[in-house]
Amino acid sequence: MRTEHVDLLIVGGGMAGSCAALEAAQAGAQVLLIEKQAETGGSSVLSGGCLAFAGTDLQAAHGVADGPELLRKDLLEVGRHESDPALVQAYVDHQLDTYEWLKEQGVRFSPSLETSAGQSVPRVHTIDPADAVRLLQARALATGRVTLRTGVRAMRLLRADEAAPVHGVLAEDRDGPLQIHSRDGVLLASGGFCRDAGLVHRFAPQYANAVFVGGDGNVGDGLRMAWKLGADLRDMAYIKGTFGKHPVDTTNHHSCQAVYKGAIAVNEEGRRFVDESLSYKLLGDAVMAQPLHTAYQILDQRIFESGDDRVRILDFGRRLEEGLLIKADSLQALARMIEIPYEALRATVDRYNGFVDAGVDADFGRRHLVHEHGALVRIDTAPFYAYPSTAAVFGTYCGLRVDADLRVIDVFGEPIAGLHAAGEVIGGFHGGAYMTGSALGKAAVFGRLAARAMSGAALAVAG
């Protein structure tokens with residue numbers, strides 16, 4: 001069998017792996033980054049490009065007061081206090097530095113700033129994710145310390161015995177099997193498993209009828225490899241679909257979140273069924289319990305005009321141009337177009353507008369547009385719009401248990417020596433739900449932290 005030797009091996013070429021490779025190279029490490037697909041990017045490049053950062057210059061320019069304590073509070077609250085506080089704190093402590101680092105590498109952030117799921121203040125910092133991953137990889141390769149190889153699939157982790165550290169992987173490329181030995185250990189940045197129907201059904205049978213959107217390679221390779229070595233798992237009960245995916249559109253993979261600008265969600269009977277300000281992961285649970293697993297986001301012209309074409313999840317104009325957003329001159333005409341009883345829809349909208357006027361949502365307790373931000377608005381200005389919505393599993397948001405240094409932890413609470421993980425393959429950070437931007441954000445932040453931990457340990461040994 002062919003054998004290769006490297007200093008640091010990273011499995012997975014998405015945002016986490018790319019940030020880790022560049023961070024390690026800038027620290028002086030020699031890195032091999034392998035990706036099993038023909039192209040890098042994974043689920044990262046399919047995302048909405050949102051990152052959750054607090055205390056940034058962009059927020060200051062918009063007059064937004066935000067900081068680590070509010071970010072920590074929001075993350076723990078939206079996660080329903082099921083997340084690992086140490087992991088949340090690690091993100092909070094290093095997110096602003098990562099934002100500045102990304103800008104230093106040349107990643108361009110939109111000047112727009114929005115509020116979305118789980119945020120008490122505007123915290124959505126938007127990038128083009130495909131451009132960002134390509135840029136970070138180009139920067140890594142330019143150091144001369146990173147080798148990127150596609151079409152290489154990691155199959156098993158290598159270690160001499162149960163007490164020995166992980167020292168590489170058994171992999172397979174177009175020429176057959178090979179062993180890659182890594183002096184400094186292995187970093188799993190291999191994504192989730194939303195493309196493996198068997199694993200999804202095992203942990204989340206309630207989402208068997210959901211739409212699945214994610215990197216084609218996201219079939220749980222990294223999860224299984226670490227699982228075989230006794231790795232513990234976190235948040236497997238909290239796999240969630242994202243509300244707002246059009247149920248029949250196959251070309252636009254992004255969700256639409258008109259609810260966070262003031263829309264309401266109604267089911268096929270024309271009735272509301274949830275507090276629309278909740279995390280869109282919890283909205284995903286709610287819509288999957290509705291008839292046909294489908295709902296409509298109902299909005300009026302003022303809400304439509306409050307959209308932002310620089311933020312994919314709020315780009316209502318593009319959805320209208322694509323024929324996905326249904327428009328009508330009256331609520332009655334809209335009800336006819338979406339085949340909902342007009343009387344029911346009229347009663348629902350009137351009742352909701354009454355709640356807005358009274359300041360109390362007596363049905364579901366909605367108090368804000370999103371989480372703790374924004375005053376509710378009436379739906380009363382023609383024309384009216386409807387966006388068909390179901391839940392899509394964009395990512396699994398659960399996986400390997402890690403500590404604050406991104407070391408993989410086994411079922412007895414001990415670190416598996418030589419094995420780190422970052423990105424979608426890890427659990428413990430999101431908990432019971434999800435803040436917009438925290439998935440792509442954790443990929444960048446934790447990818448860097450893992451690389452620092454691994455290269456720092458190697459330098460300590462060398463010293």
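## R224 and its partner D196

R224 is partly exposed, with 37% relative accessible area. In this predicted model, R224 forms a salt bridge with D196, and the closest N and O atoms of the two are 3.2 Å apart. The pair ties together distant parts of the chain: R224 belongs to helix α7 (residues 221-228), while D196 sits in the loop between β10 (186-188) and α6 (197-203), 28 residues apart.

How buried or exposed is D196? Its relative accessibility is 16%, so D196 counts as buried, because buried means under 20%. The bridge therefore joins a buried acid to a partly exposed arginine.

## Other salt bridges

How many salt bridges are there by the rule used here? The count comes to 34. One of them pairs R302 with D380, with N and O 2.6 Å apart. This pair, too, links distant parts of the chain: R302 is in helix α9 (residues 301-305), and D380 is in the loop between α12 (342-358) and β17 (384-393), with their positions 78 residues apart in the numbering. R302 has 46% relative accessibility and counts as partly exposed. D380 is also partly exposed, at 35%.

The side chains of E276 and R272 meet in a salt bridge as well, at 2.8 Å from N to O. Here both E276 and R272 are buried. If you would like to look at a network rather than a pair, turn to R2, E4, R149 and D173, which are linked by salt bridges.

## Helix α1

Helix α1 covers residues 15-26. Its 12 residues should span 16 Å at 1.5 Å a residue, and the end C-alpha atoms are indeed 16 Å apart, so the two values agree.

Is α1 mostly covered or mostly open? It is mostly covered, with 11 of its 12 residues buried. The buried residues are M15, A16, G17, S18, C19, A20, A21, L22, E23, A24 and A25. After α1 comes G28, which has a positive phi near 100 degrees.

## Helix α4

Helix α4 takes in residues 85-105, 21 residues in total. From its first C-alpha to its last it reaches 30 Å, close to the 30 Å expected at 1.5 Å a residue. Where does α4 bend? The bend is at H94, and comes to about 45 degrees.

The buried residues of α4 include the aromatic side chains of Y91, Y99 and W101. Also buried in α4 are L87, V88, A90, V92, Q95, T98, L102 and Q105.

## The loop between α8 and β15

Two residues are worth a visit in the loop between α8 (280-288) and β15 (295-300). A289 has its place in this loop, and A289 is exposed, with a relative accessible area of 62%. Between A289 and F273 there are 9.5 Å in space, C-alpha to C-alpha, and the two are 16 residues apart in sequence.

L292 lies in the loop between α8 and β15 too. Its phi is positive, near 60 degrees, although L292 is a residue other than glycine. L292 is exposed as well, with a relative accessible area of 66%, because exposed means over 50%.

## A cis peptide bond at P383

A cis peptide bond joins A382 and P383, with omega about -5 degrees. P383 has its place in the loop between α12 and β17. D380, the salt-bridge partner of R302, is found in the loop between α12 and β17 as well.

## Y397 and the cavity

Y397 lies in the loop between β17 and β18 (399-400). It is not a glycine, yet its phi is positive, at about 50 degrees. Y397 is buried, with a relative accessible area of 11%.

Y397 also helps line the largest cavity, together with Y238, K240, K281, H430, G431, A433 and Y434. By class, this lining has four nonpolar, two polar and two charged residues. How much space lies in the largest cavity? It holds about 30 Å³, and the count of cavities of 30 Å³ or more comes to one.

Definitions and conventions
Residues numbered from 1 in each chain as written. Predicted model: local features only at pLDDT ≥ 70, side-chain atom pairs only at ≥ 80, totals over all residues. Heavy atoms only, no water. 1 Å grid on protein atoms, 1.4 Å probe; cavity = no way out; pocket = protein on both sides within 12 Å on 5 of 7 lines; lining within 4 Å. Points joined across faces, edges and corners; volume = space filled by probe spheres on them. Nonpolar A, V, L, I, M, F, W, Y, C, P; charged D, E, K, R; others polar. Salt bridge = Lys/Arg side-chain N within 4 Å of Asp/Glu carboxyl O. Helix = DSSP H or I, 4+ residues; strand = E, 2+ residues; numbered from the N terminus. Buried < 20%, exposed > 50% of the residue type's maximum accessible area, 1.4 Å probe, protein only. Expected span 1.5 Å × (residues − 1). Bend = angle between axes of the 7 residues up to and from the residue.
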